[in-house]
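Welcome to the tour! Please open the model in your viewer and keep the selection box at hand.

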Amino acid sequence: MKRFSCLLLALVLCSSLMSPALAINTSQSTTPVLISSETSTVNGVELLVEHYVQSGAKITAYTFLDKSISQTDANTTINSIRLSSSTSPVTMVSASGVPDPIATRYFDDEDQNPSTVRGVASHHGTFCKSNIDLAYLWIEDGQSEVAFNDPEYTPEITVKRTFETTGLSISVSWPPSVSTSKTSYSCPEVGPISANFLTVDWPSVYCVTSGAGTGFSLTAITDVSMYVRDEGRVYASYVATTQNFQYGW
């Protein structure tokens, strides 16, 4: 209800401009806050598993405790974690005040041209749309993943999530007392967090326009930086996925 109230406030502030609104549910912490940690064994490989929260995002970090495992074992372990942590496509949206979607599309994309085969970014989630009263386009269960599959090193990972629209400007209401028109919005960065595999569950993002959905699209971007302190090197990876309001469902 709080997210939808922020959304309505943004619409009221910007109704004269006929621009859509973006509502972000976020927490106060701007640095990673460790919630819990434990050790776990996946495919015979021992891992340190840490849970963090930061700026409204929930982060799970997996670190190889045995640095002598093979590259094959590292790849197999990361793939097993990825499969177990993947979010299933949604069929309904239960958030109070948000209309049920008239169409959904699950996406699961990976960086096809990473700067190094050692580090890869991917993301998945479900695009949803509704045009009962307004033209809504949003993402549910959005998750970014970062894999650094060299078991010998553990990089410090920073993840940035950006949302962009085409065809219309958007109005960001975050915090609720501030409204700024723009065509993109970047969530506060997550990290740096040391891990070999990182999953980030992002707050839901709602983009709304009071006009027709013609030419209206939403793009989710995951931009990753991985700093390997022992090598003094930074690796980067990037993946983006776009959904048009009218096409591709």
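Below are the stops, with what to select at each one.

**Before you click**

This is a predicted model, in which local features need pLDDT of at least 70 and side-chain atom pairs count only at pLDDT 80 or more, while totals for chains, interfaces and linings use all residues. Residues are numbered from 1 along each chain as its sequence is written, and side-chain values use heavy atoms, with hydrogens and water left out.

**Stop 1: the whole protein**

Show everything as a cartoon. You should find two helices and 16 strands; these are DSSP runs numbered from the N terminus, with helices being H or I of at least four residues and strands being E of at least two. Of the 249 residues, 50% count as buried. Buried means under 20% relative accessible area, exposed means over 50%, and partly exposed lies in between (1.4 Å probe, protein chains only). Contact means heavy atoms within 4.5 Å. Among contacts between residues at least 6 apart in sequence, 67% join residues at least 24 apart.

**Stop 2: strand 7 and its partners**

Select residues 135-148, which form strand 7. Is this strand mostly covered or mostly uncovered? It is mostly covered, with 13 of its 14 residues buried.

Now add strand 6, residues 119-130, which pairs with strand 7 in the antiparallel sense over eleven bridges. Two strands pair if DSSP finds at least two bridges between them. To see one of these links, pick S130 and its bridge partner Y136.

Next, bring in strand 14 (residues 205-209), which runs antiparallel to strand 7 and is joined to it by five bridges. Here W138 has Y206 as its bridge partner. Strand 13 (residues 197-201) also runs antiparallel to strand 7, with five bridges between them. Select Q143 and you can look for its bridge partner, D201.

While you are in strand 7, stop at D141. D141 has a positive phi of about 55° although it is not a glycine. At 28% relative accessibility, D141 counts as partly exposed.

**Stop 3: two backbone details**

Select N43, in the loop between strand 2 (33-42) and strand 3 (45-54). N43 is a residue other than glycine with a positive phi, near 55°.

Then move to P192 in strand 12 (residues 190-194). The peptide bond from G191 to P192 is cis, with omega near 0°.

**Stop 4: a buried charge**

Select E50 in strand 3. Which side chain of opposite charge is nearest to E50? It is K67, 10 Å away, and the buried E50 has no salt bridge. Lys and Arg count as positive and Asp and Glu as negative, with His and the chain ends not counted; a salt bridge is a side-chain nitrogen of Lys or Arg within 4 Å of a carboxyl oxygen of Asp or Glu.

Show Y52 too: a polar contact of 3.3 Å joins the side chains of E50 and Y52. A polar contact is a pair of N or O atoms within 3.5 Å; within protein, one must be able to donate a hydrogen and the other to accept it, and residues adjacent in sequence count only if both atoms are side-chain atoms. Leaving aside neighbours within four places in sequence, the contacts of E50 include L34, I59 and S194.

**Stop 5: the nonpolar cores**

A nonpolar core is a set of buried Ala, Val, Leu, Ile, Met, Phe, Trp, Tyr and Cys residues joined through side-chain atoms within 4.5 Å. In the largest one, of 35 residues, I157, V159, V190, L198 and V200 touch the most other members. A second, separate core has twelve residues, among them V42, Y62, F64 and I69.
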